[in-house]
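Work through the following exercises with the structure open beside you, and try each task before you read its solution.

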Amino acid sequence: MKPKSLVNISDYGKEDIQRILKSATVFKANPNRDLLQGRVVATLFFEPSTRTRLSFETAVNRLRGRIVGFSDAATSSSTKGESLKDTIKMVSNYADLIVMRHHLEGSARYASEVSPVPIINAGDGSNQHPTQTLLDMFTIYETQGTLENLTITIVGDLKYGRAVHSLIQGLSYFSPTFNFVAPEELRIPEKYKLFCDKNSIQYKEYTDFSPESINCADILYMTRVQKERFTDLMEYEKVKNVYILHNEMLNDSKNNLKVLHPLPRVKEINQDVDDNPKAYYFQQAKNGMFTRQAVICDLLGLPI
Amino acid sequence: MNYETILSTKKIITRKKSPRGFKGSSRLMGKELQVAALENGTAIDHIPTKELFKVVTLLQLQRLENRITIGNNLKSRKMGAKGIIKVADKFFREDEINRIALVAPNVNLNIIRDYEVAEKKKITLPDEIIEIVKCNNPKCITNNEPMKTRFEVIDKEKVVLQCHYCELKIKKEEIVLK
């Protein structure tokens, strides 16, 4: 039988997500275990991503697994013209599980079809990055005690933001309310609004980063507004300082509010927010490790 | 290859036997016949003129050695102008013929036996399209690896496909054949 892989957040249903989050809680309480002793995990990073790679590799190391792989396509055989299929076939001879990041969209789905061992998609171009979604959801669950009926305000690049799109999909099982705050050019695409409508999810759209959208939120999810996304640079100049969070903007926010960000952050969260207890983006990044431990063990069928 | 393309409606072709059942492509226009009658095989009628050669590609007719008649810009009371394809002694499998629903979902498909319409068929778009459509995303893995493309048909009525790999949605007018 084909092994189950994690390619797209939609591969996981509500129960799968709940199971992963429960395991991540166990790993957070005790991340140093022997569960992967005698196992080899391959981390194939055809495109460099230090943060994600270190998170996966630390997750494996803390479970006493061994790691093989590469951190850059320049050091892989793909520079010699080897097909992805052949690389995956070869590596799956050696490893029990493959973590892969690739610049081409759909590469992880294809890898999962040709691989006899599970594949974890650590990002395929601008398509999917499902462990980011799971770590976001774990952080929301951890800080709010539930995933049900929360109000999530998402700010920044809602048009191209892969993390945002997957988060909407992942949270769709849990009756969320969304506030989408974005400049006109980077508004949430129509297909995600249709997705919300189809799943009876309430949402509001804002072009200004108003106190209203902050003060009603349980989670404030910030993302980068990148200059290169704008066709009209005048428009970028107009909005570049609009979607920046300053500490005083959190004064009237709810007590349970937490500020999240998939990182790296540039200017969109001012440094003065960092010391506010509502700032949770660094803990969120740390949660990535526990969530990835949960996903790896789940795909290998290891009881925790 | 026996390959006959008739682009003029003025050509008169004598039939071996008078067609009774299949009128679509062999209708007598006064004394003119638009396209030769078929003894046995498949006649695909009412093809939109702009889609005719795409249908030829989708059915991979260039690979067949059967006698093939292709007519285009023929007069049609229903459509104004239409295309017709007749393939002698060929009865397509359902998955072969259903491919053409991508570009011409409303064609008339007639199975001819002994000059008679033995069966009229409707074509339906399959749930999945493998290999024949190209993904429009240059960063899709299917455009960078020696592999088959695969699309799920997510809206059969409007003809919307979604790449199984990069998840790009492609509308009917954006479809590019491989």
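**Exercise 1.** Find out which elements of chain A the buried residues of helix 4 pack against, and decide whether this helix is largely enclosed or not.

*Solution.* In this predicted model, begin with the residues themselves: in helix 4 of chain A, the buried ones are A:Ser107, A:Ala108, A:Arg109, A:Tyr110, A:Ala111 and A:Ser112. Next, look at what surrounds them, and you will find that they pack against helix 3 (84-94), strand 3 (97-102) and strand 4 (119-124) of chain A. Finally, weigh the count: six of the eight residues of helix 4 (residues 107-114) are buried, so the helix is largely enclosed by the rest of the structure.

**Exercise 2.** Identify which residues touch the most other members of the largest nonpolar core, and list the contacts of A:Ile98 beyond its neighbours within four places in sequence.

*Solution.* The largest nonpolar core holds 117 residues, and the ones that touch the most other members are A:Ile98 and A:Val259. The element that gives the most to this core is helix 10 (residues 281-299) of chain A, with seven residues. Turning to A:Ile98 and leaving aside its neighbours within four places in sequence, one finds it in contact with A:Ala42, A:Leu44, A:Ile88, A:Val91, A:Ser92, A:Ser115, A:Val117 and A:Ile119.

**Exercise 3.** Determine in which sense strands 6 and 7 of chain A pair, and which unit they make with helix 7.

*Solution.* Strand 6 (residues 177-181) and strand 7 (residues 202-206) of chain A are joined by five bridges, and the sense of their pairing is parallel. As a place to check this pairing, take A:Val181, which stands opposite A:Tyr206 in strand 7 of chain A. Adding helix 7 (residues 190-198) of chain A to the two strands gives a right-handed β-α-β unit.

**Exercise 4.** Work out the strand order of the four-stranded open sheet in chain B, and explain why one side of strand 9 and of strand 13 is left without a neighbour in the sheet.

*Solution.* The order in chain B is 9-11-12-13, with antiparallel pairing. Strand 9 (128-130) and strand 13 (169-171) stand at the edges and have a single partner strand each, so one side of each lacks a neighbour in the sheet. From one strand to the next, the twist averages 30°. Within the sheet, strand 11 (residues 150-155) and strand 12 (residues 160-163) of chain B pair over four bridges in the antiparallel sense, and B:Phe151 stands opposite B:Cys163 in strand 12.

**Exercise 5.** State how many residues of chain B are in contact with chain A, and how they divide by character.

*Solution.* On the side of chain B, 14 residues are in contact with 11 residues of chain A. Those of chain B divide into seven nonpolar, four polar and three charged.

Methods
Residues numbered from 1 in each chain as written. Chains lettered and ligands numbered in written order. Predicted model: local features only at pLDDT ≥ 70, side-chain atom pairs only at ≥ 80, totals over all residues. Pairing = 2+ DSSP bridges. Right-handed = clockwise from strand over helix to strand, strands pointing away. Axes fitted to C-alpha atoms, helices over the stretch in contact; angles between N-to-C directions. Buried ≥ 20, exposed ≤ 12 C-beta atoms within 10 Å, placed from the backbone. Contact = placed C-beta atoms within 7 Å. Nonpolar A, V, L, I, M, F, W, Y, C, P; charged D, E, K, R; others polar. Core = buried A, V, L, I, M, F, W, Y, C linked by C-beta atoms within 7 Å.
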